[in-house]
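Me: I've got a structure open and want to talk through its contacts and packing. Can you take my questions one at a time?

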Amino acid sequence: MKKKGVFIAVEGIDGAGKTTQACMLVKKLRQMGYEAAYTTEPTYGRVGDLLRLHVSKQKPRAPLYEALLFAADRFEHVKREIQPKLRRGLVVVSDRYLYSSLAYQGAAGVSLPWLREVNFFAPKPDLTFYIDISPAKSLKRKAGKVGAYESLSYQKKVRKIYLDMAEEEGFTVLEGEKGAEELHRDMLSKVLKLLPKPRKGGG
Ligand code: TMP
């Protein structure tokens with residue numbers, strides 16, 4: 001069946017403000033009368049729970065294992081949540097998506113073409129935001145939450161892959177050091193360009 005909704009991905013290194021922005025966007029769209037859904041990766045499904053447990057622990061990296069688990073989690077996410085909602089015409093906002101695997105597992109040494117292959121089923125978003133902050137800022141914002149993903153040199157590699165992809169794939173790059181409200185306005189104006197007028201009843 002043909003897709004009718006609009007699919008938006010929000011990406012960035014740890015602490016960039018993705019979750020805040022994705023939630024603000026969905027809330028605002030709903031207030032305006034659009035049907036919008038927030039969703040996230042890792043998901044809250046079985047594989048996502050396993051992944052969250054895994055990434056919260058400081059342990060030796062297992063990049064291929066992680067790449068496969070993230071892909072399995074994404075497969076469920078796409079089939080059970082994203083595609084059904086898009087078919088119903090919703091605006092779906094995903095807090096992290098495919099590009100997180102390319103950036104994070106890519107930075108951990110996994111081949112980018114292989115990662116793309118393993119994620120072949122993942123549809124391309126209509127719009128991808130990359131919220132850019134410096135790796136130093138990322139560590140500062142995440143201070144106290146030590147995880148497997150947070151060394152400065154690693155975050156630098158992750159950011160480099162994101163910025164390369166942003167150029168190649170035409171992501172909308174946003175300055176993450178701006179205030180949350182300003183970032184929100186920038187994102188909203190981009191999104192509204194893709195949407196028809198809202199249905200009556202939005203407040
Ligand atoms: P979160 O902090 O946005 O909830 O994401 C959890 C961690 O999972 C974050 O450090 C990035 C990492 N991650 C990957 O390494 N690959 C992926 O494909 C995804 C979705 C997340």
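Me: Which residue's side chain does Asp132 reach through a polar contact of 3.3 Å?

Reply: Keep in mind that this is a predicted model. Asp132 sits in strand β4, which covers residues 127–132. The polar contact of 3.3 Å runs from the side chain of Asp132 to that of Tyr130.

Me: And how long is the polar contact between the side chains of Asp132 and Arg159?

Reply: Leaving out residues up to four places away in sequence, Asp132 touches several residues, including Arg159, Leu163 and Val173. With Arg159 there is also a side-chain to side-chain polar contact, and its length is 2.8 Å.

Me: Is Asp132 buried or exposed?

Reply: The cut-off for buried is under 20% relative accessible area. Asp132 has 11%, so it falls on the low side of that cut-off and counts as buried.

Me: How far apart in space are Asp132 and Tyr162, C-alpha to C-alpha?

Reply: In sequence, 30 residues separate Asp132 and Tyr162. In space, the C-alpha to C-alpha distance for these two is 9.0 Å.

Me: How many aromatic pairs are there, and what kind is Phe7 with Tyr97?

Reply: The count comes to 7 aromatic pairs. For Phe7 and Tyr97, the ring centres are 4.9 Å apart and the planes meet at 85 degrees. Planes over 60 degrees apart count as edge-to-face, so with 85 degrees the Phe7 and Tyr97 pair is edge-to-face.

Me: Where do Phe7 and Tyr97 sit in the chain?

Reply: This pair links distant parts of the chain, with the two residues 90 apart. Phe7 is buried at 1% relative accessible area, and Tyr97 is buried at 0%. Phe7 belongs to strand β1 (residues 6–12), while Tyr97 is in the loop between β3 and α4.

Me: What about Tyr130 and Tyr162: why is that pair classed as it is?

Reply: Their ring centres lie 4.7 Å apart, and the planes are at 35 degrees, so the pair is tilted. Tyr130 is in strand β4 and Tyr162 in helix α7 (residues 152–169), with their positions 32 residues apart in sequence. Both tyrosines are buried, and the word for the pair is tilted.

Me: Which residues form one aromatic cluster with Tyr130 and Tyr162?

Reply: Tyr130 and Tyr162 belong to a single aromatic cluster that also takes in other tyrosines. The further members are Tyr104 and Tyr154.

Me: Which ring does Arg52 lie over?

Reply: Arg52 is placed over the face of an aromatic ring, 4.0 Å from the ring centre. The ring belongs to Tyr44.

Me: How many residues of β1 are buried?

Reply: In a regular strand, side chains alternate between the two faces of the sheet. On one side of β1, Val6, Ile8, Val10 and Gly12 are buried, and on the other so are Phe7, Ala9 and Glu11. β1 is therefore largely enclosed by the rest of the structure, with a buried count of 7 of 7.

Me: Which residue in β3 is the bridge partner of Ala9?

Reply: β1 runs parallel to β3, joined by 5 bridges, and also parallel to β4, again by 5 bridges. Ala9 stands opposite Thr128 in β4. In β3, its bridge partner is Ser94.

Me: Which residue of β2 stands opposite Ser94?

Reply: β2 and β3 pair in the parallel sense over 5 bridges. β3 is mostly covered, with 5 of its 5 residues buried. Opposite Ser94 stands Thr39.

Me: Why do the buried residues of α2 end up on the same side?

Reply: Val47, Gly48, Leu51, His54 and Val55 are the residues in question. They share a side of α2 because the arc they cover around the axis is only 125 degrees.

Me: What is the phi of Arg96?

Reply: Most residues other than glycine have a negative phi. Arg96 goes the other way with a positive value. It sits in the loop between β3 (91–95) and α4 (98–107) and counts as buried at 12% relative accessibility. Its phi is about 80 degrees.

Me: Which residues does a cis peptide bond join?

Reply: Most peptide bonds are trans. Here one has an omega of about -5 degrees, and its proline lies in the loop between β2 (36–40) and α2 (46–56). The bond joins Glu41 and Pro42.

Key. Residues are numbered from 1 along each chain as its sequence is written. This is a predicted model: local features need pLDDT of at least 70, side-chain atom pairs count only at pLDDT 80 or more; totals for chains, interfaces and linings use all residues. Side-chain values use heavy atoms; hydrogens and water are left out. Helices (H or I, at least four residues) and strands (E, at least two) are DSSP runs, numbered from the N terminus. Buried means under 20% relative accessible area, exposed over 50%, partly exposed in between (1.4 Å probe, protein chains only). Contact means heavy atoms within 4.5 Å. A polar contact is a pair of N or O atoms within 3.5 Å; within protein, one must be able to donate a hydrogen and the other to accept it, and residues adjacent in sequence count only if both atoms are side-chain atoms. Rings of Phe, Tyr and Trp (its six-membered ring) pair if their centres lie within 6.5 Å; planes under 30 degrees apart count as stacked, over 60 as edge-to-face and the rest as tilted. A charge sits over a ring if NZ of Lys or CZ of Arg is within 6 Å of the ring centre and within 35 degrees of the ring normal. Two strands pair if DSSP finds at least two bridges between them. The arc is that of the directions from the helix axis to the C-beta atoms.
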